[in-house]
Amino acid sequence: MTDTNTSAAISRTALMAAAARAAHLIVDDEPYVFEDPLAVVLLGDRADELLAYHRLHGEHPVLSGARAQVLCRSRYAEDTLHRSFHSQYVILGAGLDSYANRGGDDVRVFEVDRAATQEFKRAALRAAGLPERAAYVAVDFERDDLLERLVAHGFDPLRPAVVSWLGVTMYLTREAVERTVAGVARLGAGTVLVLDHMVPEEDRDPAARAYVEAVGSVNAQHGEPWLSFFSPAGLAAMLGTHGMSAEHTNQHEILGARTDALQPSNLTWITRGTVSP
């Protein structure tokens, strides 16, 4: 069993994201967008509770919308990693990401997050008898120097990496987002940053507006309000300021046409930035 005291301290959004990945294999139709069989394991003693919502109400737009967001960004990030052939993978705001235990030995994984979330995950791994295969880097994105913390845990700043930053930017101030982008821009040439971001209100479609109306105040009440919104062009401009090129995709391009509850919205986009030589 996972320590419930640790469970109380873990980020709520980390639990929700892992539940979305786990529920996809239970309530959605094939072909699967993203397969993470370890997500349910890492939920520990919270698994039954969190998956029950999806089992009972999986077609509700809030739950299906959450799954769509999480699955698209996870699929795109890991596809980017596999195409890159880079041997360093940095997961910012890693939460309960399971790639370190699903991927091969040819990639070294650095999981960056708050210490409480990391301890919950490590306890879940121990309870399941799974090895710890990632380097755990505790970071406060609002205060800490990212590169300094990574290097202290064995990261090679001269070699390129893939850096995924999923489900995080909307919870940070614009200044903290730019500070982290600047930190990634200091990594080796060819480093790729994959991040998702909520778009401003004027760019949202009806499904996205409904999701925000239903979820935004609840997140704020739980101490995790949305703080930053970026259009694709606005984020590309920020990346360009730090010498990075930008490409974008969205849920429509990744999901395509489906007949189940997984339907795309224009709430979040995914941007891939590359550090220039």
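Here is a short tour of one pocket and a handful of salt bridges in this predicted model.

**Stop 1: the second largest pocket**

Start by selecting P61, S64, G65, A207 and S265. Of the 16 residues that line the second largest pocket, these lie closest to its centre. The space you're looking into comes to about 220 Å³.

Now colour helix 5 (61-84) and helix 10 (206-221), since you'll want both in view: each supplies at least two residues of the lining. Which helix gives the most? That's helix 5, with 5 residues.

While the lining is still selected, try colouring by residue type. You should get 9 nonpolar and 7 polar residues, with no charged ones.

**Stop 2: D28 and R67**

Stay with helix 5 and pick out R67, then add D28. Their side chains meet in a salt bridge, 2.9 Å from N to O. D28 sits in the loop between helix 2 (12-27) and helix 3 (39-42), while R67 is in helix 5, so this pair links distant parts of the chain, 39 residues apart.

Buried or exposed? Switch on a surface and check both ends. D28 has 6% relative accessibility, so it counts as buried. R67 is at 0%, and therefore counts as buried too.

**Stop 3: E111 and K121**

Next, select E111 and K121. Here the N to O distance is 2.5 Å, again a salt bridge between side chains. E111 belongs to strand 2 (residues 108-113) and K121 to helix 7 (residues 115-128); the two are 10 residues apart, and the pair is another link between distant parts of the chain. Both E111 and K121 are buried.

**Stop 4: E132 and R126**

Move on to E132 and R126. This salt bridge is 3.9 Å from N to O, and the cut-off for a salt bridge is 4 Å. How exposed is E132? With a relative accessible area of 36%, E132 is partly exposed.

**Stop 5: a network of four**

For the last selection, take R21, D36, E78 and R102 together. Salt bridges that share partners join these four residues into one network. Show the side chains as sticks and trace the contacts from one to the next.

If you'd like to keep going after that, there's more to hunt for: a search of the whole structure finds 17 salt bridges, including the D28 and R67 pair from Stop 2 and the E111 and K121 pair from Stop 3.

How values were computed
Residues numbered from 1 in each chain as written. Predicted model: local features only at pLDDT ≥ 70, side-chain atom pairs only at ≥ 80, totals over all residues. Heavy atoms only, no water. 1 Å grid on protein atoms, 1.4 Å probe; cavity = no way out; pocket = protein on both sides within 12 Å on 5 of 7 lines; lining within 4 Å. Points joined across faces, edges and corners; volume = space filled by probe spheres on them. Helix = DSSP H or I, 4+ residues; strand = E, 2+ residues; numbered from the N terminus. Nonpolar A, V, L, I, M, F, W, Y, C, P; charged D, E, K, R; others polar. Buried < 20%, exposed > 50% of the residue type's maximum accessible area, 1.4 Å probe, protein only.
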